[in-house]
Amino acid sequence: MNGDERITMKTLFADRPRLLFVIIIACSGLGAILIYNAELAARTDSRGMDRLFSIVGVIKVPPAKDPVVINLKDVDGKDVSISDFKGNIVFLNFWTTWCPTCRIEMPSMEKLHQKLKNKNFTMVTINLQESASQVKAFFKAFKLTFTALLDSTGEVGASFGIRAIPTTYILDKTGRIIGLANGPREWDSKAAIALFENLMDNDTVATASAAANRDSYK
């Protein structure tokens with residue numbers, strides 16, 4: 001072994017702790033990636049979606065054969081149909097300005113709206129039998145920016161069998177109901193955001209799981 005080779009070997013052994021450290025860090029990073037991917041896969045399968053629905057407090061509903069049909073005016077008098085939002089996950093909330101728990105959950109709804117509004121997600125609220133001016137004043141006071149429709153006669157609320165407010169439905173990308181929440185929720189929680197992000201990315205998982213639940217009722 002010549003002098004140069006001895007220097008190279010000496011340097012290699014001298015740097016061995018550093019080399020081992022680099023290897024350990026690299027392996028740890030790979031392990032973290034593998035764990036993350038495994039968790040992501042678990043989250044997006046039907047059981048993972050079931051857990052997210054449960055954590056958020058949303059009842060999974062076996063999807064009906066036909067999509068929801070709603071045609072109402074917004075606070076500016078514009079005709080709006082739920083079918084306008086086909087291709088998006090729709091957050092559909094029934095409420096009134098005098099409802100205390102509606103007031104509690106609306107700020108978290110706005111945060112969820114701001115988080116997801118530029119994705120395949122639409123937040124629609126249906127006010128029950130109040131005037132446009134009342135709803136506009138409420139939205140201004142609470143700094144809300146999502147869509148507000150007016151069920152002036154109460155017919156839409158009655159057709160949904162609304163008995164308590166707030167009541168929230170989740171519609172899949174075809175407009176069919178797949179989820180129901182009675183009462184307020186923390187819609188800006190990590191679990192709620194994860195639920196909607198997964199539904200936007202792969203709502204067929206939730207729909208298939210709900211369909212399986214529907215079949216089990218037969």
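The exercises below, each with a worked solution, concern a predicted model of a protein.

**Exercise 1. Describe the overall make-up of the protein and the arrangement of its strands.**

Begin with the inventory: the protein has seven helices and eight strands, and of its 218 residues 42% count as buried. The exposed surface comes to about 12,400 Å², of which carbon and sulfur atoms supply 58%. Turning to the contacts with a separation of 6 or more, residues 24 or more positions apart account for 73% of them.

Next, place the strands. They form an open sheet of eight strands in the order E1-E8-E7-E4-E5-E6-E2-E3, and the pairing is mixed. The edges are held by strand E1 (59-60) and strand E3 (79-81), each of which has a single partner strand, so one side of each is left without a neighbour in the sheet.

Finally, examine the pairings one by one. E4 and strand E7 (residues 167-171) run antiparallel and are joined by five bridges, with Leu171 in E7 as the bridge partner of Val90. E5 and E6, by contrast, run parallel and are likewise joined by five bridges; here Val124 stands opposite Thr147 in E6. Strand E2 (residues 71-74) is joined to E6 by two bridges in an antiparallel arrangement, and in this pairing Lys73 stands opposite Leu150.

**Exercise 2. Determine whether E6 is largely enclosed or largely open to the surroundings, and give the reason.**

The step needed is a count of buried residues, where buried means under 20% relative accessible area. Four of the five residues of E6 meet this condition, and the strand is therefore largely enclosed by the rest of the structure.

**Exercise 3. Identify the largest nonpolar core, the elements that build it and the surroundings of Leu112.**

The largest nonpolar core has 35 residues, and those with the most contacts inside it are Leu112, Trp187, Leu195, Phe196 and Leu199. Two or more residues each are given to this core by helices H3 (46-56), H4 (100-116), H5 (132-142) and H7 (190-217), and by strands E4 (89-95), E5 (121-128), E6 (147-151) and E8 (177-182). The largest share, eight residues, comes from H7.

Once its neighbours within four places in sequence are left aside, Leu112 is in contact with Phe91, Phe121, Met123, Trp187, Ile193 and Phe196. A second core, separate from this one, has 20 residues, including Ile70, Val80, Leu92 and Ile162.

**Exercise 4. Work out which residues of H5 are buried, and on which side of the helix they lie.**

First, list the buried residues of H5, which are Val135, Phe138 and Phe139. Second, consider their directions: they cover an arc of only 95° around the axis, so they lie on the same side of H5. This agrees with a general property of the α-helix, in which 3.6 residues make a turn and residues three or four places apart therefore point the same way. Third, look at the other side of H5, where Ser133, Lys140 and Ala141 are exposed. Fourth, ask what the buried residues of H5 pack against; the elements concerned are E4, H4, E5 and E6.

**Exercise 5. Locate the backbone features at Gln129, Lys143 and Pro166.**

Gln129, found in the loop between E5 and H5, has a positive phi near 60° although it is a residue other than glycine; with a relative accessible area of 55%, Gln129 is exposed. Lys143, found in the loop between H5 and E6, also is not a glycine and has a positive phi of about 55°, and its relative accessible area of 68% makes Lys143 exposed. A cis peptide bond, with omega about 0°, joins Ile165 and Pro166, and Pro166 is found in the loop between helix H6 (155-159) and E7.

**Exercise 6. Characterise the environment of Glu197, and then that of Cys99 and Cys102.**

Glu197 lies in helix H7 and is partly exposed, with a relative accessible area of 23%. Not counting residues up to four places away in sequence, Glu197 touches Lys115, Leu116 and Lys119. The C-alpha atoms of Glu197 and Asn120 are separated by 9.0 Å, although these residues are 77 apart along the chain.

As for the cysteines, Cys99 is buried, with a relative accessible area of 2%, and Cys102 is buried as well, at 1%. A search of the whole structure finds zero disulfides.

Key. Residues numbered from 1 in each chain as written. Predicted model: local features only at pLDDT ≥ 70, side-chain atom pairs only at ≥ 80, totals over all residues. Heavy atoms only, no water. Core = buried A, V, L, I, M, F, W, Y, C linked by side-chain atoms within 4.5 Å. Buried < 20%, exposed > 50% of the residue type's maximum accessible area, 1.4 Å probe, protein only. Contact = heavy atoms within 4.5 Å. Areas by Shrake-Rupley, 256 points an atom, 1.4 Å probe, with all protein chains shown as cover. Disulfide = S-S within 2.5 Å. Arc of directions from axis to C-beta. Pairing = 2+ DSSP bridges.
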